[in-house]
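Got the viewer open? Let's walk through this one together, one selection at a time.

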Amino acid sequence: MRVECKISADYKEPYAVLHISQMTETVAAIISMLEKENINSQTLFAAKDRKTYFVKPEDIALVRTEGREIVCYDKRKNRYVLDKPLYELETMLDGSFVRISKSAIANISQIGHVEASFNGTMELVMKNGVTDYISRSFRKNFKERLGLK
């Protein structure tokens with residue numbers, strides 16, 4: 001098999017094109033490996049106790065602003081500080097996340113339950129016990145994403 005690799009600072013994201021006459025196990029394995037590489041590029045760098053950690057999006061339960069910091073809580077309720085703004089994280093995180101307020105994004109698969117609250121807001125309780133509120137302006141979108149009425 002002939003392989004060609006072009007390296008340039010102009011490329012923002014790796015991109016591969018395979019020209020094949022038929023799918024083989026080896027080619028399928030290569031495709032799988034390349035797709036996993038793309039998933040790993042979504043890993044976030046987060047700080048905790050003066051150390052930098054690699055946090056996978058699927059391990060994140062909730063991302064929100066706390067004071068001047070952007071923090072995330074993982075499945076085990078560990079708190080990490082992120083170095084990216086919330087709007088950038090929202091575009092990076094896949095469709096399994098939903099915006100619940102101006103200051104928070106939740107992982108749909110990590111939601112424990114939702115309770116009606118005062119002033120038209122809804123309290124969101126994650127499986128790890130972390131709570132936040134779904135603001136009125138984001139409630140409709142939240143319900144649509146979860147298939148609720």
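Start by selecting Gly-129. You're in the hairpin of β9 and β10, which has four residues between the strands, and Gly-129 takes a positive phi near 100° there. Keep in mind as you click around that this is a predicted model.

**Both sides of that hairpin**

Now add the two strands to your selection: β10 covers residues 131-134, and β9 covers residues 122-126. They run antiparallel, joined by four bridges. To see how they line up, pick Val-125 and look across to β10, where its bridge partner is Thr-131. Then pick Met-122, whose bridge partner in β10 is Ile-134.

Stay on β9 for a moment. How many of its five residues are buried? Five of the five, as it turns out, so to speak of β9 as mostly covered is fair by the cut-off of under 20% relative accessible area. Turn the view to check each face of β9: Met-122, Leu-124 and Met-126 sit on one side, Glu-123 and Val-125 on the other, and all of them are buried.

**Across to β8**

Next, select residues 111-116, which make up strand β8. β8 pairs with β9 in the antiparallel sense, over five bridges. One pair to click on is Glu-115 and its bridge partner in β9, Glu-123. You met Glu-123 a moment ago among the buried residues of β9.

β8 and β9 form a hairpin too, with five residues between them. Zoom in on Asn-119 in that turn: its phi is positive, at about 55°.

**The whole sheet**

Show β8, β9 and β10 together. What order do the three strands take in the sheet? The order is β8-β9-β10, in an open sheet with antiparallel pairing. β8 and β10 are the edge strands, and each pairs on one side only. Ignoring direction, neighbouring strands in this sheet are turned by 25° against each other on average.

Now select residues 136-146, which is helix α3. α3 lies across β8, β9 and β10, and runs at about 100° to β10.

**A detour to another loop**

Jump to Asp-49, in the loop between β1 (44-48) and β2 (51-55). Asp-49 isn't a glycine, yet its phi is positive, at about 55°. Is Asp-49 buried or exposed? Exposed, because its relative accessible area is 61%, and the cut-off for exposed is over 50%.

Click on Arg-50, which lies in the loop between β1 and β2. Arg-50 has a positive phi of about 60°, and it isn't a glycine. Arg-50 counts as exposed because its relative accessibility is 88%.

**Zoom out**

Finish with the full protein chain in cartoon view. You should find three helices and ten strands. Following them from the N terminus, you get α-β-β-β-β-β-α-β-β-β-β-β-α.

Rotate the chain to see its extent: along its principal axes, the C-alpha trace spans about 65 × 40 × 30 Å. The radius of gyration is 19 Å, whereas a compact globule of 149 residues would have one near 15 Å.

If you colour by burial, 29% of the 149 residues count as buried. Switch on the surface and you're looking at about 10,800 Å² of accessible area, with 52% of it belonging to carbon and sulfur atoms.

Methods:
Residues numbered from 1 in each chain as written. Predicted model: local features only at pLDDT ≥ 70, side-chain atom pairs only at ≥ 80, totals over all residues. Heavy atoms only, no water. Buried < 20%, exposed > 50% of the residue type's maximum accessible area, 1.4 Å probe, protein only. Pairing = 2+ DSSP bridges. Axes fitted to C-alpha atoms, helices over the stretch in contact; angles between N-to-C directions. Contact = heavy atoms within 4.5 Å. Rg over C-alpha atoms; globule rule 2.2 N^0.38 Å. Areas by Shrake-Rupley, 256 points an atom, 1.4 Å probe, with all protein chains shown as cover.
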